[in-house]
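Subject: Handing over the structure

Dear colleague,

Here is the structure I said I would pass on to you, with my notes on it underneath. Please read the notes with the coordinates open beside them.

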Amino acid sequence: MTMRDTDRALVQAATAVAKLRCRSDNHTVAAAARTTDGRVFTGVNVYHFTGGPCAEVVAVGAAATQGVTELETIVAVGDRGRGVIPPCGRCRQVLRDYFPTVRVIVGPMDALRVVHVAELLPETYVWADQQLDGPAGPLPAPRPAD
């Protein structure tokens with residue numbers, strides 16, 4: 001997909017947050033997410049030795065606190081001028097499950113592009129499909145052993 005001006009502005013928003021807030025080993029990545037109505041939500045990762053949320057998940061949480069249920073585009077940017085960073089596997093799965101049509105900005109700064117999250121996670125495990133009361137209906141009862 002072609003980068004739009006709004007996509008470039010989203011990269012700039014994440015870059016500004018990275019410069020302003022990513023000043024320690026605890027916060028090294030910033031993310032910016034845009035809603036379909038143009039609102040932008042940002043977040044930074046929260047590093048901890050026990051694990052911690054990535055910047056994309058923090059941005060999703062920030063949007064959720066404002067009642068957002070649909071994101072259009074998201075991007076993550078590394079600190080110290082590292083540029084756009086593709087989402088990790090866990091973030092790809094979270095984004096795919098919560099926002100199956102979200103667009104993700106990836107690539108080097110001189111060749112950024114936009115892809116659907118499904119392209120980043122082909123043959124994905126869809127969490128909702130695996131629930132007992134998921135969209136595909138209840139799972140069949142297990143058959144007794146012969």
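What follows is an account of what was found, going from the whole chain to its strands, a helix and some loop residues.

Please keep in mind throughout that this is a predicted model. The chain holds four helices and six strands, and from the N terminus on these elements are arranged in the order α-β-β-α-β-β-α-β-β-α. The C-alpha trace spans about 65 × 35 × 30 Å along its principal axes. Of the 146 residues, 39% count as buried, and among the contacts with a separation of 6 or more, 53% come from residues 24 or more positions apart. The exposed area of the chain is about 8,700 Å², of which carbon and sulfur atoms supply 57%. As for charge, there are 15 positive and 15 negative charges in the chain, and their mean positions lie 8 Å apart.

I would begin with strand E1, which covers residues 29–35 and is mostly covered, since seven of its seven residues are buried. In a regular strand the side chains alternate between the two faces of the sheet. In E1, Val29, Ala31, Ala33 and Thr35 point one way, while Ala30, Ala32 and Arg34 point the other way, and all of these are buried.

Which strands does E1 pair with in the antiparallel sense? One partner is strand E3 (residues 71–78), with which E1 forms seven antiparallel bridges, and within this pairing Ala32 has Val75 as its bridge partner. Another is strand E2 (residues 40–44), joined to E1 by five bridges, again in the antiparallel sense, with Gly43 as the bridge partner of Ala31. The hairpin of E1 and E2 has four residues between the strands, and in this hairpin Gly38 takes a positive phi near 95°.

Strand E3 also has a link to strand E5, for two bridges join them and the two strands run parallel; here Thr73 is matched with Arg103 of E5. In E5 (residues 103–106), Arg103 and Ile105 point one way and Val104 and Val106 the other way, and all four are buried. E5 is in turn joined by four bridges to strand E6 (residues 113–116), and this pair runs antiparallel, with Val115 of E6 as the bridge partner of Val104. Six residues lie between the strands in the hairpin of E5 and E6, where Gly107 has a positive phi near 105°.

Helix H2 (residues 55–65) comes next, and its buried residues are Ala55, Glu56, Ala59, Val60 and Ala63. When one looks down the axis of H2, these buried residues fall within an arc of 140°, so they line one face of the helix. An α-helix has 3.6 residues a turn, so residues three or four places apart point the same way. The buried residues of H2 pack against E1, E2 and E3, and also against helix H3 (89–98). After H2 comes Gly67, whose phi is positive, near 85°.

Three loop or segment residues deserve a separate look. Is Thr28, in the loop between helix H1 (5–21) and E1, buried or exposed? Its relative accessible area is 18%, which is under the 20% cut-off, and Thr28 is therefore buried. Apart from its neighbours within four places in sequence, Thr28 is in contact with Cys22, Asn45, Val77, Gly78, Asp79 and Arg82.

The other two residues have a positive phi without being glycine. Arg80 has a phi near 50° and lies in the loop between E3 and strand E4 (83–84); at 71% relative accessibility, Arg80 counts as exposed. Glu123, with a positive phi of about 50°, lies in the segment after helix H4 (117–120), and Glu123 is likewise exposed, with a relative accessible area of 83%.

If you want a place to start in the viewer, I would suggest E1, whose residues are buried on both of the sides to which they point, and then its antiparallel pairings with E3 and E2.

With best regards

How values were computed
Residues numbered from 1 in each chain as written. Predicted model: local features only at pLDDT ≥ 70, side-chain atom pairs only at ≥ 80, totals over all residues. Heavy atoms only, no water. Buried < 20%, exposed > 50% of the residue type's maximum accessible area, 1.4 Å probe, protein only. Contact = heavy atoms within 4.5 Å. Areas by Shrake-Rupley, 256 points an atom, 1.4 Å probe, with all protein chains shown as cover. Lys, Arg positive; Asp, Glu negative; His and termini not counted. Charge placed at Lys NZ, Arg CZ, Asp CG, Glu CD. Pairing = 2+ DSSP bridges. Arc of directions from axis to C-beta.
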